[in-house]
Amino acid sequence: MESNNMPDLNGVAKKTKGRQKIEMKKMRNESNLRVTFSKRRTGVFKKASELATLCGVDVAVIMFSPGNRVFSFGSPSVDSVVQRYKTQGPPPLLTLDLNKVHSTADEVELHTHLHCLSNQIAIEKKRTKDLNHLAKAAEDQFWWARPIESMTDSQLDKYKKMLEEFKRQLKEKCGNLN
């Protein structure tokens, strides 16, 4: 038992390994498979519920357990979503035969590529947000450097006062030179 204890950062032995990345393949241990299914089923239903709530979409999830029990979640209901699907049918581009996808592509490679693309998108969104923030700050700080046509009345009034003050100081300075 002690060999399973792993020290944490404080030097205190932990009783578990904590959260570990697991290999994506079917589990062989029947007991672990059932427990994992039960936990992940709850997570899938929770995500489906969140998607329905946040985006206002109709969602239906139907799954069969390793013991051949049926579990389902629907918003507003599984029956209404299935009936709507039967009536409308799937859009042609979104119909996928997952067996073909699994047999023709390396799933891990696709997930890795998707993760990389998602990270790049997040980085670009942050960069865009930062650049927009900097542009706005520069615009606010150097409003007088913008074309006069794009200035507001209050900015034009400020600009006029600044020019009048500059003209007064220039006269003062030049008057002292003569």
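## Exercises on a predicted model

Gly56 sits in the loop that connects helix H1 (30-55) to strand S3 (59-64). The model is a predicted one, and the exercises below start from this loop.

**Exercise 1. Classify Gly56 as buried or exposed, and state how far its C-alpha atom is from that of Ser75.**

Step 1. The relative accessibility of Gly56 is 60%. The cut-off for exposed is over 50%, so Gly56 counts as exposed.

Step 2. Gly56 and Ser75 are 19 residues apart along the chain, and their C-alpha atoms are separated by 9.4 Å.

**Exercise 2. Determine which side chains of S3 are buried and which are not.**

Step 1. Side chains along S3 alternate between two faces.

Step 2. One face takes Val59, Val61 and Met63, and these are buried. Ala60, Ile62 and Phe64 point to the other face and are not buried.

Step 3. Take Phe64, which lies in strand S3. Its relative accessibility is 55%, so Phe64 counts as exposed.

**Exercise 3. Describe how S3 is paired with strand S4, and what lies between the two strands.**

Step 1. S4 covers residues 70-75; S3 and S4 run antiparallel and are joined by six bridges.

Step 2. Within this pairing, the residue of S4 opposite Phe64 is Val70.

Step 3. The two strands form a hairpin, with five residues between them. Asn68, in the turn, has a positive phi of about 65°.

**Exercise 4. Identify which residues make the nonpolar surface patch that includes Phe64.**

Step 1. Ile62 and Phe64 belong to the face of S3 whose side chains are not buried.

Step 2. Both contribute to a nonpolar surface patch of about 370 Å², together with Val70 and Val82.

Step 3. Val70 is also the residue that stands opposite Phe64 in the strand pairing.

**Exercise 5. Work through the salt bridges within helices H1 and H5, giving the spacing and exposure of the partners.**

Step 1. The structure has eight salt bridges; the pairs treated here are among them. The cut-off is a nitrogen-to-oxygen distance within 4 Å.

Step 2. In helix H1, Arg34 pairs with Glu30, and their closest N and O atoms are 3.6 Å apart. The two residues are four apart in the helix, about one turn. Arg34 is partly exposed because its relative accessibility is 45%, and Glu30, at 42%, is also partly exposed.

Step 3. In helix H5 (residues 153-177), Lys161 and Asp157 lie four residues apart, again about one turn. Their side chains form a salt bridge of 3.5 Å, N to O. Here the classes are split: Lys161 is exposed at 51%, whereas Asp157 is partly exposed at 37%.

Step 4. Glu172 and Arg168 form a salt bridge at 2.8 Å, N to O. Because they are four residues apart in helix H5, about one helical turn separates them. Glu172 has a relative accessible area of 46% and is partly exposed; Arg168 is partly exposed at 41%.

Step 5. The pair of Step 4 is part of a network of salt bridges that links Glu165, Arg168 and Glu172.

**Exercise 6. State how many disulfides the structure holds, and classify Cys116 and Cys174 by exposure.**

Step 1. A disulfide requires a pair of cysteine sulfur atoms within 2.5 Å. The structure holds zero disulfides.

Step 2. Cys116 has a relative accessibility of 40% and counts as partly exposed. Cys174, with a relative accessible area of 37%, is partly exposed as well.

Notes. Residues numbered from 1 in each chain as written. Predicted model: local features only at pLDDT ≥ 70, side-chain atom pairs only at ≥ 80, totals over all residues. Heavy atoms only, no water. Buried < 20%, exposed > 50% of the residue type's maximum accessible area, 1.4 Å probe, protein only. Pairing = 2+ DSSP bridges. Patch = residues over 30% accessible without salt bridge, like charges linked within 9 Å, V, L, I, M, F, W, Y side chains within 5 Å. Areas by Shrake-Rupley, 256 points an atom, 1.4 Å probe, with all protein chains shown as cover.
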